[in-house]
Amino acid sequence: MHNSLASRLLVRLLLLFALVTVISIAILTKWGFDELTAQTDKDSHANPSETNGFNSALSARDAQIERLKQEVLTLRAQLVLLHSNRSGNNNGLPGKLPATGYSSASASASASASSSLALPAFSSSNNSTQLHHQVDSTIPSLTHHYDCSSYIRKQVGAAEILHGLPLNNEYEMIPFNHFTFTRVYPIDLGLGKRVVEKPIGYRRRDLLEAVNKALESLNRNQTARARAKGVTSVEPSKYTLDDFVEGIHRTEPTTGSQYELYFQSIKHQTHVVRKALIMRPFAPLQTVQLSELAASPIVHVILPLAGRLRSFRSFIQLFKQLADRRLQLIVVYFGEPGLKQAREIAADLERVQLIALNETFSRAKALRLGAEHVQPQAAKVTQDALLFMCDVDIVFTAKFLERCRWNTSPGKKVYYPVVFSLYNPHVVYTLQGKALPSEEEQLVISRDTGFWRDFGYGMTCQYRSDFLQVRGFDEEIIGWGGEDVMLYRKYVRSKIKIIRATDPGIFHRWHPKICTGSLSADQYRACIRSRALNEASHAQLGFLAFQDEIAAAGAMSAASVAPS
């Protein structure tokens, strides 16, 4: 009884002591927090910039923590994927790896996917299949983004953009091209041979994307700097397209395109110039398609002709020497003069058809009639046919005919080879003090013997169905040139792919070119330009222009060394 009462009193004392202790702690804690809050308010009023800086540092730390969390989640997801693949292989099932390639999802999409990813535990074997499918459906974009980012960093590090790289010689150096919004000064003159041109098409889109990316980075940097300084009440000034001054760009074949861009604020009249280095890295090589070429179709060579019998005889002789037997020649001859001789020359060839027209020469009409007169070689042959539109001054090899077949497909591809045009052999070999070689021996590709005729579109391989689909040539064009450019532009504006490439198996032989007054102004200028380019190289024309001066200098040199 006594012991029981003592125990109850002790318990009550302990409870009372505990209650007093809790009340004391509560009072002291409240007083401490109030004082701390007051001190904080006082400090914030005394130094607001320091508080803003502290908040900015906290935000930066939170952002860094969030980034680290995302990286941890990505690594965890990769570990789960590897564990799943290993367990699948141990169970006799093929492991599912991410597909080869790189996800097109953006970094933000990948980060949100990783943050919301729920990974089930490995507590039950029944969940292994479910885990495997869930990982396969959510992880590839994360792993692809991780691999893609790593590859991009590797490309940027390998490029000669932040530092120089030792090269073997000056030929390995890739020069930059200077540009502004309205002008590009290309080092490679291209088709137009212009030393300055307006940025149009894909080139304008490329440069505009680079400038916009630089503006985005500059403005983001401006905002970050303002926050670091504690300036949050005033919106920082932003750069615009008007602030772009100029830039240079180049493309390294293995790493990507590089841009060095310069900006100066017009609004604030400042002398500070900011520079942005931008790079468009190349992605890894991807296999797009593997295919097997079908059996070689017959190539129907269509040849417009009016006179030019000597050139026609040479053409037939070279045509007969071709080893390719799947050829058919269709000659469309204009006028009565020389028609009989042309028939006799063509009679030496088995696979030839001659169509005679007693009217004014029109290359456009000749090619259209030739396409219409293609004759199937067998009943099983369809109505479509592969056409090679040719000229009498063209020499081609059997290898070219193979490329003619490889680079054409009905409704998909047409082939426009860049022909190697030979200079005047009398100028080329006479200046070198050599005897004039045979026509076959003149078929040499070098700087001194000719040039790539990148402005010519007359030689083309295409299927008849495509030719008719784009409605062929403009037959109102009479005389020299123009119709081939019009046909080429029709294909450029269509959905058919154009294969435009230099071809070492097709040559344009030199011949005298006469530009008559009957041509239109545009045709006459084009004829004169072609005549000048076909005659000789720049250096050879210089030797011809200064021939008398060179001879006089040689005579003076000989006189000075002669004995007195």
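In this predicted model, strands β1 and β3 run antiparallel and are joined by three bridges. Across this pairing, N177 stands opposite H249 in β3. Strand β1, which spans residues 177–179, is also joined to β2 by two bridges, and these two strands likewise run antiparallel. Here H178 has Y185 of β2 as its bridge partner.

These pairings belong to an open sheet of five strands, arranged in the order β2-β1-β3-β4-β5 with antiparallel pairing. Strands β2 (184–185) and β5 (274–281) stand at the edges and have a single partner strand each, so one side of each is left without a neighbour in the sheet. In general, the strands of a sheet pair through backbone hydrogen bonds, in either a parallel or an antiparallel manner.

Strands β3 and β4 run antiparallel and are joined by eight bridges. A hairpin leads from β3 to β4 through three residues. One of the bridge pairs is formed by F244 and its partner F263 in β4.

The bridges described so far may be set side by side.

| Strand pair | Bridges | Direction | Example of a bridge pair |
|---|---|---|---|
| β1 and β2 | two bridges | antiparallel | H178 and Y185 |
| β1 and β3 | three bridges | antiparallel | N177 and H249 |
| β3 and β4 | eight bridges | antiparallel | F244 and F263 |

**Helix α5 and the sheet**

Helix α5 lies across β1, β2, β3 (244–252), β4 (256–263) and β5, and runs at about 55 degrees to β4. Residue D206 has its place in this helix. Which residues does D206 contact when its neighbours within four places in sequence are left aside? They are Y259 and R280. D206 and R280 are separated by 74 residues in sequence, while their C-alpha atoms are 9.6 Å apart in space.

**Cavities**

A search of the whole structure finds three cavities of 30 Å³ or more. The largest has a volume of about 70 Å³. Its lining consists of F179, T180, F181, P199, R204, L207, L208, V211 and F244. F244 thus appears in this lining and also in the bridge pair with F263. Helix α5 (residues 201–228) supplies the largest share of the lining, with four residues. By class, the lining of the largest cavity divides into seven nonpolar residues, one polar residue and one charged residue.

The second largest cavity holds about 50 Å³ of space. It is lined by F315, L318, F319, L322, I394, V395 and F396. Helix α6 and strand β10 (394–396) are the elements that give two or more residues to this lining. The lining of the second largest cavity has seven nonpolar residues, with no polar and no charged residues.

**Helices α6 and α7**

Helix α6 also takes part in a helix packing. How are two packed helices described in general? They are described by the angle between their axes and by the distance between the axes. Helix α6 (residues 309–320) packs with helix α7 (residues 339–346) at an angle of about 10 degrees, and their axes are 10 Å apart. Angles under 35 degrees count as roughly parallel, and α6 and α7 are therefore roughly parallel to each other. On the α6 side, the contact is made by L309, F312, R313 and I316, and on the α7 side by Q341, A342, I345 and A346. By class, this contact has six nonpolar residues, one polar residue and one charged residue.

Technical notes. Residues are numbered from 1 along each chain as its sequence is written. This is a predicted model: local features need pLDDT of at least 70, side-chain atom pairs count only at pLDDT 80 or more; totals for chains, interfaces and linings use all residues. Side-chain values use heavy atoms; hydrogens and water are left out. Axes are lines fitted to C-alpha atoms, for helices over the stretch in contact, and angles run from 0 to 180 degrees between N-to-C directions. Angles under 35 degrees count as roughly parallel, over 145 as roughly antiparallel, 65 to 115 as roughly perpendicular and the rest as oblique. Contact means heavy atoms within 4.5 Å. Ala, Val, Leu, Ile, Met, Phe, Trp, Tyr, Cys and Pro count as nonpolar, Asp, Glu, Lys and Arg as charged, and the others, Gly among them, as polar. On a 1 Å grid over the protein atoms alone, a cavity is a set of points where a 1.4 Å probe fits but cannot get out, and a pocket is an open set with protein on both sides within 12 Å along at least five of seven lines; lining residues have an atom within 4 Å of a point. Grid points are joined across faces, edges and corners, and a volume is the space filled by probe spheres set on the points. Two strands pair if DSSP finds at least two bridges between them.
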